[in-house]
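Here are a few notes to read alongside the model. Take them in any order, with the viewer open.

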Amino acid sequence: MNADFKDAHERHWEDAEHLHEKELLANADYLYGLSAECGLKAIMQKCGMKLDGKGSPENKEDRKHINELIPRYNGYRDKFTTFDFEQLPPNLFKDWHVDHRYANRSNFTAQTVQTTYGDAFKIYELVRRAIINGLMK
Amino acid sequence: MIFDEIRQVMIGILRPYADSVQKMTASQKLLVNCDLMGRVRLIVPSRAKNDTELEKIVEIIAQKISEQLKPHTFDADRVILYEDDTDAVINDAPTSKLLSDDLDTHYDALKNVWLVDRLIVGGNWAKITDETSSSPRIVFFSIKGGVGRSSSLAATAYHFAQLGKKVMVLDLDLESPGLSSALLPEERRPEFGITDWLVEDLVDNGNEVLDEMVGYSTLSRDGDIWVIPAYGRKNERYVAKLGRVWMPKDEQAWSERLRRLIDQLEDRLKPDLILIDSRAGIDEVASACVTSLGANLVLLFASDSAQTWNGYKLLFSFWRDAIDVAKIREKLQMVAALVPVNNRDQYYSSFIDQSSALFTEFFYDQMDAGEIDGWNFDLNSADAPHYPAKILWHQGWSSLSSLHEKLVDADDSELKLIFGQIFEFLSPYLDEKGQQHV
Ligand SMILES: Nc1ncnc2c1ncn2[C@@H]1O[C@H](COP(=O)(O)OP(=O)(O)OP(=O)(O)O)[C@@H](O)[C@H]1O
Ligand SMILES: [Mg+2]
């Protein structure tokens, strides 16, 4: 199956919201992180990131999870002159890690998920704005 | 369906559902969002989603939008975006009521429906396109406005048409167009202009306007003058269109799109000569006219003033950093514009000092003693690109109320006196073309 970053962003977001609402915190936290990763990759693609035949980023440096992806995004964003996407603070998702999916659920509090949600929302908004402006369908 | 019709069609779609729209918009705006490519989406206050009745209406409206606004919209399932706070998504974009206030109060129910335009300026203008192999393309460029650029272009078009040539003229001064009215009386203005094509092309709809954007000038008896104006007779929402013309599409910068337009027009009209009125200034639009349209020659209009020389300095230093100077320098030619009547020799010598210094700094190869190869010219070498072709200031041409009328009773010897050096300078470009066709 080929990657569709924008759609993956949206479905992870929707599911994360459901889980968050039901206070299923551990998986909500995980999916917010994946949603942000996919959303950001969708924007990076718009800003010139090349994909290989399977739809993953050509450059290995771009095949990262969200906690390592922000500087890559900012780099593409700086070179893209058509549209002024927002610069993102590099410390977003600094306590999030994909390996937390193996952790015990008691590690996730309402507070940690709230932070992850806040960071993921910034990327959700970024994608939303790209759609409204017509840079993404 | 073209861009200009969006507002009218939207009103037609919403009117039968005015009552429902009024409910949706009781506390929040409903937005007809026109994106950067000129495609419409409806941004609906979220509360409509919680009311099954309203939600159904929204779906019907989406369906109609999709049917009636294509290609200026999406498939129905992508037409609607729900937002909790529709004011927040406007985000400073230009916004106006879908229905202007002076319309019948009958439509009062639609008073909270707004048209939002996502606009942009910018683009990639540092690429130079190789010159074309077919009709010569000559760009008329200046740093400052009001130097007689458009008048000279019109006179040039007229002159070569009188010699039996087919001349195609493009007004790229989209922000302050003027050229087309010099060559066409208003009643001959075509329906559309370059701006319309650039907007329609964003949704692959350029052919819809292509046939209706060429005006035929009656000034010439023997040749032809085709005029492609910046805007046409159908001219609603010009600013909303202008804010989209610079959009790239599928990796093509707007200037490459423009070049594609010129290629298509050239293919249809088969002109002997293409004259392009670029806009004044050192912005990217002006610059792209020089670098991206496949020009064979760029006439750089200048008057001998500090402001002009400083402007060229800025522009040239940008080019030096951004593009391959060797590719562009041989296409440049200075023009001394509106040369004053008095003290001409003194004026020229000061002009030549300045333009020579400029070209030496940015374009000429540095020559060490004894070297002979290299691209360089002496101060007073008449072949040098810094050595200006001259256009004389002439009382009969100053503050004209109608350039068109002036050209209708053009006096050939007066034209030659004022613009003759430009005509001479351009002749070889036509001869080359003539030979290619033999
Ligand atoms: N050779 C000339 N002698 C005297 N006046 C002239 C001459 N050519 C043009 N003019 C006058 O100068 C003014 C500006 O001319 P024109 O519109 O051709 O300049 P432009 O460089 O195209 O300006 P813009 O930047 O506004 O497009 C007009 O009033 C015109 O009548
Ligand atoms: Mg002009």
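1. One cut-off before we start: a residue is called buried when its relative accessible area is under 20%, exposed when that area is over 50%, and partly exposed in between. Keep in mind, too, that this is a predicted model.

2. Let's get our bearings in chain B. It has 438 residues, and 56% of them are buried. You'll find 16 helices and 13 strands in chain B. Its C-alpha atoms fill a box of roughly 85 × 50 × 45 Å along the principal axes. If you count contacts in chain B with a separation of 6 or more, 76% of them join residues 24 or more positions apart. The accessible surface of chain B is about 18,700 Å², and carbon and sulfur atoms hold 45% of that.

3. Now zoom in on B:Ser142, in strand 6 (residues 137-142) of chain B. Is B:Ser142 buried or exposed? Its relative accessible area is 0%, which is under 20%, so B:Ser142 counts as buried.

4. What does the side chain of B:Ser142 pair with? One polar atom of that side chain lies 2.7 Å from the backbone oxygen of B:Lys144. There is also a polar contact of 2.7 Å between the side chains of B:Ser142 and B:Arg149. Setting aside neighbours within four places in sequence, B:Ser142 is in contact with residues including B:Val147, B:Phe301 and B:Tyr312. B:Arg279, B:Ala280 and B:Gly281 are also among the contacts of B:Ser142.

5. Those last three names come up again at B:Ala286, which sits in helix 11 (residues 284-291) of chain B. B:Ala286 touches B:Arg279, B:Ala280 and B:Gly281, along with B:Phe141 and B:Ser278, once residues up to four places away in sequence are left out. B:Ala286 has 0% relative accessibility, so this alanine is buried as well. For a sense of scale, try drawing a line from B:Ala286 to B:Pro45: their C-alpha atoms are 42 Å apart, with the two positions 241 residues apart along the chain.

6. Next, the surface. B:Leu338, B:Val341 and B:Trp393 form a nonpolar patch there, with about 250 Å² of accessible area together. B:Val341 is in the loop between strand 12 (332-339) and helix 14 (344-362) of chain B. Why does B:Val341 count as partly exposed? Its relative accessible area is 48%, which falls between the 20% and 50% limits, so "partly exposed" is the label for B:Val341.

7. Finally, have a look at where chain B meets chain A. The contact takes 20 residues from chain B and 14 residues from chain A. About 1,300 Å² is buried between the two chains, and carbon and sulfur atoms give 54% of this area.

8. How many salt bridges are there between chain B and chain A? The count is one. It joins A:Arg128 to B:Glu83, whose closest N and O atoms are 2.5 Å apart. Seven residue pairs are in polar contact across the interface of chain B and chain A, counting pairs with both residues at pLDDT 80 or more. On the side of chain B that touches chain A, the elements giving two or more residues are strand 2 (40-45) and strand 3 (80-83) of chain B. The largest share there comes from strand 3 of chain B, with three residues.

Notes. Residues are numbered from 1 along each chain as its sequence is written. Chains are lettered from A and ligands numbered from 1 in the order in which they are written. This is a predicted model: local features need pLDDT of at least 70, side-chain atom pairs count only at pLDDT 80 or more; totals for chains, interfaces and linings use all residues. Side-chain values use heavy atoms; hydrogens and water are left out. Patches are made of residues with over 30% relative accessible area and no salt bridge: like charges are joined within 9 Å, nonpolar side chains (Val, Leu, Ile, Met, Phe, Trp, Tyr) within 5 Å. Accessible areas come from the Shrake-Rupley method with a 1.4 Å probe; for residues, only the protein chains shown count as cover. A salt bridge is a side-chain nitrogen of Lys or Arg within 4 Å of a carboxyl oxygen of Asp or Glu. Helices (H or I, at least four residues) and strands (E, at least two) are DSSP runs, numbered from the N terminus. Buried means under 20% relative accessible area, exposed over 50%, partly exposed in between (1.4 Å probe, protein chains only). Contact means heavy atoms within 4.5 Å. Buried area is the accessible area (1.4 Å probe) that two parts lose on being put together, summed over both. A polar contact is a pair of N or O atoms within 3.5 Å; within protein, one must be able to donate a hydrogen and the other to accept it, and residues adjacent in sequence count only if both atoms are side-chain atoms.
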